[in-house]
Amino acid sequence: MPYDTQPPASHFIDGAYVEDTAGTPIDVIYPATGEKIATVHAATPAIVEQAIAAARRAQAAWAAMTGTERGRILRRAADMMRARNHDLSVLETYDTGKPYQETSVADATSGADALEYFGGMAATLTGEHIQLGEDWVYTRREPLGVCVGIGAWNYPTQIACWKGAPALACGNSMIFKPSETTPLSALKVAEILHEAGLPAGLYNVVQGMGEVGAALIEDPRVDKVSLTGSVPTGRKVYAAAAAGIKHVTMELGGKSPLIVFEDADIENAVSGAILGNFYSSGQVCSNGTRVFVHTAIKEKFLNRLATRLANAVIGDPMDPETSFGPMVSERQMNIALDYVAKGKAEGARLVYGGSRVDRDGFYMEPTVFADVTDDMTIAREEIFGPVMAVLDFTDEEDVMTRANDTEFGLAAGVFTRDLTRAHRVAARFEAGTCYINTYNDAPVEAPFGGSKNSGVGRENSKAAINHYTQLKSVYVRMGDLEAPF
Ligand code: NDP
């Protein structure tokens, strides 16, 4: 291994690496080769206790600092992340298998954006003054306390920062549990934050499986949980948080529609479908995996798609030319391949890919099915792999109903040159994050999140502040107080 992927210890607590080898060992596998690149240990109850105690202890002093002081540390961390982008991207590629071509522009950089944005915003957080005749009320925007972040494996650095940055900017502390599949990069985020001057105990990383996440959420000293994960996990985490009436942010799965009208620019629409299905080998929650294409342009669209997919460079993720890497794990690859089998069995027409790639690691081909109907399994369930379902339509009203006929509501996109139709369709989408003539952009300035079963709350943007703070109202009476007796 030309790069040292083994962290000094499994956890980062109270400003330092901490180990407890009594925890279940978790092997970290490089998805491009199947090789073991590191081992960490799941947190034991003693480690969970250390993390919660540290986060609780450190939070009050952090909240008492000015926003300017807190923000300065976050912005310094953002600069450090950018300066170390190469090494962080290499590590992210080892952890996830995503091509360096992607990780070098979309992972640590996106994390740095969040640190910079919320670092900049920290000093601007205020309450308001509400005049009531002579009396008045003022509000204080206060932190929630100890926040737990639980991450998925597709964007480990980004998720660690999208949760950590707003939590810290608002004066909270954070305990982050990465996915057991990708435990490495959150530790680097913790290291950088502390090097940037974050006081000990404010950003802690503990490893482990679902039980560790559950133990964190159930602890009465924890005030909030922000999960990025699947809908079934979301249900469990939401229920556990409800028992303690805790604040939640739920960033869950999707089966998002992407509608391509007959007047769309075909090249742009094909680009949108590629970005919305095959980036990160299809392992993106907001992917537009139900691509509704108007029958008038269907064959042209499919032909251009097939031609463009033939240009995908499938290979060593460290090679900057590689544009399509392995899936994160053998398990996830097999899940996606099972869906391919279901697609074929249920009568969809396989027009591209569909097979495992004949090389080491967990590679499968970018896959496209046409003639997919709404009731097929591949049109209803989240696959979380590189499998695109193309469905036919002719009528706007009809396609809107079909696009919204899903339990999910994470994202949706439309390609058309008709300005009024684009906005009409966007307004009617039952989804939290919508795109017109583009797909999957996720700038930190814009709210990101789902409706329906895809989630609760929003990450990024000013909206995230509402999910990491609570308002206290203070009524001030200026005159005498009358009472009935
Ligand atoms: P999972 O739901 O399997 O896991 C998410 C995280 O929750 C993991 O860290 C997992 O631990 C943990 N977890 C599992 N069970 C519990 C529990 N009972 N209590 C607390 N924590 C628990 O998702 P994946 O990691 O497989 O990620 C893929 C899913 O994430 C997809 O559905 C995808 O759509 C969604 N996602 C959503 C995004 C969004 O922003 N809306 C973005 C990215 C992904 P472990 O796995 O280590 O056991």
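## Helix H5, two sheets and a ligand site

The buried residues of helix H5 pack against helices H2 (67-83), H3 (85-96), H4 (100-106), H6 (156-169), H7 (185-195) and H16 (463-468). Contact here means heavy atoms within 4.5 Å, and buried means under 20% relative accessible area, with exposed over 50% and partly exposed in between (1.4 Å probe, protein chains only). Helices (H or I, at least four residues) and strands (E, at least two) are DSSP runs, numbered from the N terminus.

A quick word on where this comes from. This is a predicted model, in which local features need pLDDT of at least 70 and side-chain atom pairs count only at pLDDT 80 or more, while totals for chains, interfaces and linings use all residues. Residues are numbered from 1 along each chain as its sequence is written, and side-chain values use heavy atoms, leaving out hydrogens and water.

Back to H5 (residues 108-122): 11 of its 15 residues are buried, so the rest of the structure largely encloses this helix. Among them are Leu115, Tyr117, Phe118 and Met121. The end C-alpha atoms of H5 sit 21 Å apart, which agrees with the 21 Å its 15 residues should span at 1.5 Å a residue (the expected span is 1.5 Å times one less than the number of residues).

Now the sheets. Two strands pair if DSSP finds at least two bridges between them. One open sheet has 7 strands in the order S14-S15-S16-S13-S12-S17-S18, with mixed pairing. S14 (349-352) and S18 (433-436) are its edges; each has a single partner strand, so one side of each lacks a neighbour in the sheet. Neighbouring strands are turned by 20 degrees against each other on average, direction ignored. Axes are lines fitted to C-alpha atoms, for helices over the stretch in contact, and angles run from 0 to 180 degrees between N-to-C directions.

Two helices lie across this sheet's strands. H12 (residues 330-345) crosses S14, S15 (367-372) and S16 (387-393), at about 30 degrees to S15. H15 (residues 419-428) crosses S12 (257-260), S17 and S18, at about 165 degrees to S18.

S12 and S13 (residues 290-294) run parallel, joined by 4 bridges, and Leu258 has Val291 as its bridge partner in S13. Pro257 and Ile259 point one way from S12, Leu258 and Val260 the other, and all are buried. In the loop between S11 (247-251) and S12 you'll find Ser256, which counts as buried at 2% relative accessibility. A polar atom of the Ser256 side chain lies 3.0 Å from the backbone oxygen of Ala411.

The other open sheet has 3 strands, ordered S5-S6-S20 with antiparallel pairing. S6 (residues 135-143) and S20 are joined by 8 bridges, and Thr139 has Ser473 as its bridge partner in S20.

Finally, the ligand. Of the 30 residues around it, Glu180, Ser230, Thr233, Cys285 and Glu382 come nearest; a residue is near a molecule or strand if one of its heavy atoms lies within 4 Å of it. Some polar contacts are below (pairs of N or O atoms within 3.5 Å; within protein, one must be able to donate a hydrogen and the other to accept it, and residues adjacent in sequence count only if both atoms are side-chain atoms).

| Residue and atom | Ligand atom | Distance |
|---|---|---|
| Trp153, side-chain N or O | oxygen | 3.0 Å |
| Glu251, side-chain N or O | oxygen | 3.4 Å |
| Leu252, polar backbone atom | nitrogen | 2.8 Å |
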